[in-house]
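Got your viewer open? Here is a short walk through the model, one selection at a time.

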Amino acid sequence: MIKIIECLKKNQRVDEYKINLTQKESYQLFFVKGKLETTRRTNTCDKEVTVYVKHGEFKGDSSFIVYPSTTEGELDNLIETAVEKALLIENQSYELPEAGEGEYQVESNFSNYSLNEIAGIVANTVFKAEAEEGTALNSVEVFVNRNTITVANSLGVNKTQIKYSAMVEAIPTYNGKEESVELYQQYNFSTLDEAVITAEIEEKLREVKARYEAKKPENEITGSVILNKLELSELFSTLAYDLGYYRVYAKSNVYSKGDMLQKDLTGDAITITMKGEAEGNIASAKFDGDGMNLTDIKIIDEGKVINYFGSNRFGQYLGEKPTGSLGCLIVEPGTACPKCLSKAPYLEVVSMSGLQVDAYNDYIGGEVRLAYYNDGTTITPVTGISITGKLSEVLGNIRLAKEVAVHDRYIGPKKAILSGMKIF
Amino acid sequence: MGFSKYLDSKRAEIKQLVAELKKNYQYVSVLGVDIKATDIQVDSNTSNIDPGSDMECGFVIKMSNGREFYEYSLDDISGDIPALAKNITESLKLEDSLKANTIDEVILTDEPLVKSFVREGDFEKYTDKELLEFCKETCKTLAGKSEHILNAMVRLGKMEVSKLFISENRELDQNYTWASGILVAIYNENEKTIQSFESEGDPTLAAVLEKLPGKMDKLVKKAHMLTLAKPIEPGIYDVITAPSITGLIAHEAFGHGVEMDQFVKDRALAKKYVGDYVASPICNMRDGAASTLSVASYFFDDDGVLASDTQIIKDGILVTGLSDLASATQLGTAPTGNGRRESTRRKAYARMTNTFFEKGTDKLEDMIKSIDHGYMLFETNNGMEDPKNWAIQCVAEYGIEIVDGKLTDNWVSPVVMSGYVPDLLKSISMVSDDFEISGLGHCGKGYKEWVRVSDGGPALKVKVKLG
């Protein structure tokens with residue numbers, strides 16, 4: 001980085017600069033039907049340089065990538081070319097984040113182990129999960145990553161953070177007499193908790209047996225729809241990311257400050273806070289790609305949009321205080337107790353092809369791969385059905401569970417009850 | 001322009017590394033990738049010239065000891081090569097518990113071949129300044145098309161791919177280009193905001209720059225109609241699929257299910273159906289980097305296997321699937337040139353390239369005339385595969401109602417098409433005599449490993465559940 005900074009300082013036409021370095025180390029294991037097929041290791045470094053040039057009332061910028069093979073002479077040329085490009089860019093001026101130094105580690109217990117040790121522990125834990133008779137894991141992939149991220153700029157920012165993450169993709173399969181069925185699971189985490197991994201896999205192994213037993217309902221079924229954490233993460237992400245500074249500046253947002261998302265509210269009011277860090281959340285970070293410190297902000301309060309959030313540049317364009325790019329999505333739990341969640345008739349969704357949430361068209365729905373239907377007397381696993389509804393209506397009647405769950409960047413109600421959706 | 005000088009300069013060091021690693025492994029290959037990519041984007045308020053998302057320069061080494069595989073990704077191959085080889089070998093050593101539980105014997109073949117491939121582009125004819133001016137001018141024109149446009153966006157992408165594959169017996173290199181353009185309108189009318197787009201792709205910038213502006217009027221008309229679109233009444237309908245949706249069906253309904261690494265894992269129901277009817281007898285489907293010229297057209301794959309043109313379904317019968325080197329070797333079949341990586345930092349899997357249904361003999365107007373009540377579906381939004389159980393979900397941006405054999409002005413959006421793959425494919429009753437393929441999107445395997453793909457075909461008449 002020193003060589004890059006020297007070259008940048010040498011060029012008189014560079015007004016400001018930013019350097020983003022990400023050292024990526026990864027260890028990966030791939031299993032096929034329980035046997036190790038491939039072992040991978042990566043050891044790479046991304047180096048991106050952005051130059052800023054003030055011209056007239058504008059501030060132009062342009063970025064380029066620096067490779068290990070890039071010589072000092074080539075670096076000088078890259079900088080000069082970037083300056084020429086930045087002079088073509090006529091963007092409204094804004095200020096870069098100022099002075100701030102520090103070395104951080106985002107909370108994780110991964111740092112107690114080497115990457116291959118963690119991968120080995122995770123793999124063993126996955127395969128230790130107690131399988132129902134006839135179930136197996138046909139494919140398991142384990143990724144363990146250690147990213148060392150540095151942001152430096154010409155105004156004195158020089159920050160480094162170490163972030164750990166892991167991903168397990170597991171394909172639980174049930175081999176029955178008549179056919180074989182599977183479910184898909186991708187589980188991301190940044191804290192090693194063997195009990196949680198085992199519980200996640202065991203739950204999926206139980207569910208895949210249910211998928212084998214599931215039938216397409218012969219008659220039309222009706223009732224409320226219960227969504228779980230994965231689908232709720234998708235639903236609330238759609239609401240939250242609509243309120244990002246860039247979306248608002250580009251006028252592509254559907255919701256605006258002051259809007260009530262829950263008209264004719266009969267359910268629980270929705271409150272969403274975007275945070276920089278949260279325990280167990282894989283999006284946790286100490287600063288963003290501009291080197292901005294992260295400021296938590298409540299964006300939806302009791303169903304009302306009260307704030308936007310986002311990066312330095314677009315925050316300034318909107319005349320808002322930049323919060324930094326916040327990744328952790330925190331939704332406050334509601335009032336639905338386990339008894340409320342088991343009030344029949346209901347369809348509890350276990351697995352979907354992907355919940356479709358379209359705020360532009362006021363739509364929510366999708367194909368259900370596995371669900372449990374409780375008609376008041378029996379609970380039956382069902383498949384081959386779809387759900388569809390109006391997003392605005394669903395938001396008005398949604399009942400959020402008291403119990404909280406974590407899924408990737410989402411921390412919020414474990415389940416929610418939606419009324420007025422068509423099951424077909 | 002032309003093949004990467006950097007990769008060219010690395011041939012001797014790569015060969016030395018292969019020779020060093022061969023002392024410990026039965027098979028060793030190195031893939032070097034140098035992709036130069038630029039994205040130029042202009043909207044009503046901002047503009048950018050930045051490195052494209054496909055940009056990368058790096059290497060991945062693949063090794064096998066006759067059983068399990070090993071891979072190592074790194075930025076550069078230089079310096080003390082024997083020491084590098086030793087470091088790679090040491091860093092991939094397995095713990096005893098893993099070593100005792102590996103897959104059975106797999107001997108990768110390494111047939112001799114030395115060849116260079118080039119597909120000429122025209123990127124050197126245009127400066128970034130000229131491309132930025134094109135974007136600014138087009139954006140201004142688009143924004144001026146309607147008072148309802150809140151924001152207009154124009155994006156041009158260009159990428160020049162250089163790949164070098166070296167093993168003990170093979171030395172292949174390829175160089176080709178791909179350019180793309182997209183128009184986006186954020187549009188508000190009838191108390192509704194929508195986002196709509198049109199796109200163009202070609203190996204040359206000249207074609208993209210020529211064709212993209214001609215799509216503005218269509219985009220604005222579409223945006224207006226989308227603000228009037230209503231939700232569809234859920235049900236089972238006669239449907240005509242426009243080429244984009246035909247391609248989505250080919251891709252999601254069947255393409256993922258014939259990726260043969262899924263056969264190895266017993267994750268694909270299609271494995272049991274090779275040689276059987278899986279679709280209507282008028283249905284023919286292909287995939288291949290050499291099947292047509294689009295965004296996923298290359299000369300050899302990331303395993304160093306030459307590109308091919310694979311007939312997946314012939315007259316309704318499943319013929320074969322798509323394989324990478326590892327899955328083909330494990331299954332005892334010939335690799336089809338479908339081994340693809342998201343980047344040198346990711347594993348190679350069996351992946352689709354350009355996937356499509358072949359054209360038929362019906363006229364589109366006759367197909368529409370044959371429907372009393374149904375929908376014609378347009379534009380891919382997204383889809384999700386289910387190779388083991390053959391459930392599908394394909395999401396179209398919009399549909400237009402057909403009543404008494406005529407397209408109406410009644411638009412619906414979005415439209416989620418779902419059901420059981422064989423039911424859908426066997427319901428194909430008419431296939432149009434035209435053909436279109438587009439390659440704007442990326443395809444994931446599960447929810448990761450994103451690669452550029454194209455898909456398309458003719459219009460199909462099917463019966464399917466919409467909601």
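## Domains of chain B

Start by selecting domain 2 and domain 3 of chain B: in this predicted model, their centres, taken over C-alpha atoms, are 26 Å apart. Now zoom in on where the two meet. Nine residues of domain 2 of chain B and nine residues of domain 3 of chain B make up the contact. On the domain 2 side, colour strand 7 (170-189), strand 8 (192-202) and helix 7 (216-228) of chain B, since each supplies at least two residues to the side touching domain 3. Colour that same domain 2 side by residue class and you'll get six nonpolar residues, three polar ones and no charged ones.

If you want to colour by domain, the ranges for chain B are 5-36 + 50-117 for domain 1, 120-162 + 175-228 for domain 2 and 235-466 for domain 3.

## Where the chains meet

Next, show both chains. Their contact takes 62 residues from chain B and 56 residues from chain A. Several elements of chain B give two or more residues to its side, among them strand 2 (47-51), helix 5 (128-143) and strand 17 (391-403). Which element gives the most to the side of chain B that touches chain A? Select strand 4 of chain B, which gives the most, with six residues. By class, the chain B side divides into 28 nonpolar, 17 polar and 17 charged residues.

Stay on strand 4 of chain B and add strand 2 (residues 35-55) of chain A: the two pair in the parallel sense, over six bridges. For one pair to look at, pick T39(A), whose bridge partner in strand 4 of chain B is Y70(B).

## A helix with two sides

Move on to helix 3 (residues 81-91) of chain B and show L84(B), A85(B) and I88(B), the buried residues of this helix. Look down the axis of helix 3 of chain B: these buried residues fall within an arc of 100 degrees, so they line one face. They pack against helix 2 (11-21), strand 3 and strand 4 of chain B. Turn to the other side of helix 3 and you'll find P82(B), A83(B) and E90(B), which are exposed.

## Last stop: a glutamate in chain A

Finally, select E207(A), in helix 4 (residues 194-213) of chain A. Is E207(A) buried or exposed? It's buried: 22 other C-beta atoms lie within 10 Å. Leaving out residues up to four places away in sequence, E207(A) touches L183(A), V350(A), S351(A) and L370(A). Then draw a distance from E207(A) to S325(A), 118 residues apart along the chain: their C-alpha atoms are separated by 36 Å.

Notes: Residues are numbered from 1 along each chain as its sequence is written. Chains are lettered from A and ligands numbered from 1 in the order in which they are written. This is a predicted model: local features need pLDDT of at least 70, side-chain atom pairs count only at pLDDT 80 or more; totals for chains, interfaces and linings use all residues. Domain bounds come from an automatic or database domain assignment. Two residues are in contact if their C-beta atoms, placed from the backbone, lie within 7 Å. Helices (H or I, at least four residues) and strands (E, at least two) are DSSP runs, numbered from the N terminus. Ala, Val, Leu, Ile, Met, Phe, Trp, Tyr, Cys and Pro count as nonpolar, Asp, Glu, Lys and Arg as charged, and the others, Gly among them, as polar. Two strands pair if DSSP finds at least two bridges between them. A residue is buried if 20 or more other C-beta atoms lie within 10 Å of its own, exposed if 12 or fewer, and partly exposed in between; C-beta atoms are placed from the backbone. The arc is that of the directions from the helix axis to the C-beta atoms.
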